[in-house]
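Subject: Two-chain model, handover and notes

Hello,

Here is the model I promised to pass on. Please open it first, then read my notes below.

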Amino acid sequence: MILDELTVDRETFETGTGWAIKPEGACRAEVCVPLPPAARTADGRVDVGVVAERLGMPLVTDRERGRSALGPATAVTGRALTTAVAPELELPDAAGNAFRLSSLRGQKVVLLAWSSW
Amino acid sequence: MHPKGLEVVTVGLDVDPDAARPFIEAASPDHPSLIDSAHLVDERFGVVNVPNGVWIDEAGIIVRPAEPAQPGENPALESFRNIDLTTVPPDIAEVLAEARKIRIDPDLYAEMLRDWVEHGSESRYALSPDDVIARSQPRGDDEARAAAEFDLGQYLHRNGDHHGAIVHWREAHRLFPDNWTYKRQAWNFEDPVRQGHTDAYDGSWFEDVRKIGAENYYPPIVP
């Protein structure tokens with residue numbers, strides 16, 4: 001996810017990374033990683049640096065342009081998937097309407113990645 | 001297979017959504033056809049090349065992680081086989097000769113998919129959660145950092161700073177050379193015909209494929 005500051009609200013963090021910040025820690029489906037108190041700022045926001053370190057998420061900063069990107073977690077399984085529970089994926093269709101993968105619960109889904117290039 | 005409860009969702013990996021749109025409109029599909037301009041499926045599902053497929057069951061559990069997915073013949077690869085290489089310029093012939101070594105097995109993938117649609121979790125192709133995680137792409141610091149670098153690149157490109165994007169995409173390629181979506185997307189902006197060598201990047205489709213051997217471009221499907 002792209003960041004212009006290193007604290008974000010919980011909802012933004014969850015949408016951007018797939019990790020929910022809960023009282024028990026940072027959670028993805030059945031996996032919860034405990035967090036130190038410093039993970040939450042006094043006003044209830046998420047301290048991205050602290051959570052990133054616990055989850056093994058690299059933070060790459062382009063200082064010249066004042067933007068950072070937070071990479072995916074490496075600390076739990078060391079694989080692209082942390083759990084077999086499908087992550088949420090919300091993307092636009094060709095007409096620009098948002099579509100959520102989770103809206104297809106109850107059906108078998110084959111997700112096919114392709115490209116024009 | 002749709003009447004038996006299979007929904008197809010296609011995801012077009014294109015930093016420029018206008019590049020994907022004409023293909024979707026020409027196909028006028030009746031399934032969801034999404035555009036992923038940040039290559040988010042790489043980060044979330046471990047996609048590293050296209051076409052790739054992921055199977056998700058009725059409960060939202062992944063039963064096969066991202067793997068090469070060719071449910072039918074690949075028209076591009078087919079057309080390469082039918083070109084007389086003596087009739088094209090030598091540099092193009094060289095690329096086509098390499099592309100012909102790419103191996104796909106459309107019959108096997110279609111058969112696996114049919115079996116899963118028919119038998120669900122009893123299908124021998126539906127994997128356990130532990131196997132799904134273990135078979136998903138390895139992800140260490142380099143691969144995760146590459147995802148962040150690619151993300152910064154696509155953000156800068158889409159905000160009009162293509163030169164800024166190249167810096168980050170070069171770094172993504174260095175960190176994660178096995179990710180073909182990061183490489184082909186970037187090369188394509190410089191040379192949409194051949195994805196050939198340009199001053200912007202160290203590699204090109206031909207050079208990088210020849211390095212690993214085109215027969216390894218799509219790893220064989222492990223049923």
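In which sense do S1(B) and strand S2 of chain B pair, and over how many bridges? They pair in the parallel sense, over four bridges. S2(B) covers residues 33-36. Within this pair, B:Thr10 stands opposite B:Ser33. Keep in mind throughout that this is a predicted model.

S1(B) has a partner in chain A as well. Seven bridges join S1(B), residues 6-13, to S11(A). These two strands also run parallel. One bridge pairs A:Val109 with B:Glu7.

**The two chains**

Chain A has 117 residues, of which 38% count as buried. Its secondary structure comes to two helices and 11 strands. From the N terminus the order is β-β-α-β-β-β-β-α-β-β-β-β-β. The C-alpha trace spans about 40 × 35 × 30 Å along its principal axes. Of the contacts in chain A with a separation of 6 or more, 37% are between residues 24 or more positions apart.

Chain B has 10 helices and four strands. Its elements run β-α-β-α-β-β-α-α-α-α-α-α-α-α. The radius of gyration of chain B is 18 Å, and the globule rule gives 17 Å for 223 residues, so chain B is as compact as a globular protein of that length. Its C-alpha atoms fill a box of roughly 50 × 40 × 35 Å along the principal axes. Buried residues make up 41% of the chain. Among contacts in chain B between residues at least 6 apart in sequence, 53% join residues at least 24 apart.

**Where the chains meet**

On the chain A side, 44 residues are in contact with 68 residues of chain B. Four elements of chain A give two or more residues each to that side: S7 (59-62), S8 (67-70), S9 (90-92) and S11. S11(A) gives the most, with seven residues.

B:Pro51 also touches chain A. This proline is found in the loop between helix H2 (40-45) and strand S3 (52-56) of chain B. Beyond its neighbours within four places in sequence, B:Pro51 is in contact with A:Leu112, A:Ala113 and A:Trp114. On its own chain, the contacts of B:Pro51 are B:Pro68, B:Ala69 and B:Gln70. The C-alpha atoms of B:Pro51 and B:Glu67 are separated by 8.4 Å, with their positions 16 residues apart along the chain. Is B:Pro51 buried or exposed? It counts as partly exposed, because it has 18 C-beta neighbours inside 10 Å, and a buried residue needs 20 or more.

**Cores**

The largest nonpolar core has 41 residues. Those with the most contacts inside it are A:Leu111, A:Ala113, B:Val11 and B:Ile62. Strand S11 (108-114) of chain A gives the most to this core, with five residues. B:Ile62 touches A:Leu81, A:Ala84 and A:Ala86 in chain A. In chain B, B:Ile62 touches B:Val54, B:Trp55, B:Ile56 and B:Val132, not counting residues up to four places away in sequence.

Apart from the largest core lies another, of 39 residues. B:Ala148, B:Tyr155, B:Phe176 and B:Tyr182 are among them.

**Helix H8 of chain B**

H8(B) has 14 residues, 162-175. It reaches 20 Å from its first C-alpha to its last, close to the 20 Å expected at 1.5 Å a residue. Which residues of H8(B) are buried? They are B:Ala165, B:Ile166, B:His168, B:Trp169, B:Ala172, B:His173 and B:Leu175. An α-helix has 3.6 residues a turn, so residues three or four places apart point the same way. What covers the buried residues of H8(B) includes helices H7 (141-158) and H9 (180-190) of chain B.

**A sheet in chain A**

Strands S3, S4 and S5 of chain A form an open sheet, in the order S3-S4-S5, with antiparallel pairing. S3 (20-22) and S5 (31-33) stand at the edges with a single partner strand each, so one side of each is left without a neighbour in the sheet. The twist averages 30 degrees from one strand to the next. Three bridges join S3(A) to S4(A), residues 25-28. Within that pair, A:Lys22 has A:Gly25 as its bridge partner.

Best wishes

Key: Residues numbered from 1 in each chain as written. Chains lettered and ligands numbered in written order. Predicted model: local features only at pLDDT ≥ 70, side-chain atom pairs only at ≥ 80, totals over all residues. Buried ≥ 20, exposed ≤ 12 C-beta atoms within 10 Å, placed from the backbone. Contact = placed C-beta atoms within 7 Å. Rg over C-alpha atoms; globule rule 2.2 N^0.38 Å. Expected span 1.5 Å × (residues − 1). Core = buried A, V, L, I, M, F, W, Y, C linked by C-beta atoms within 7 Å. Pairing = 2+ DSSP bridges. Axes fitted to C-alpha atoms, helices over the stretch in contact; angles between N-to-C directions.
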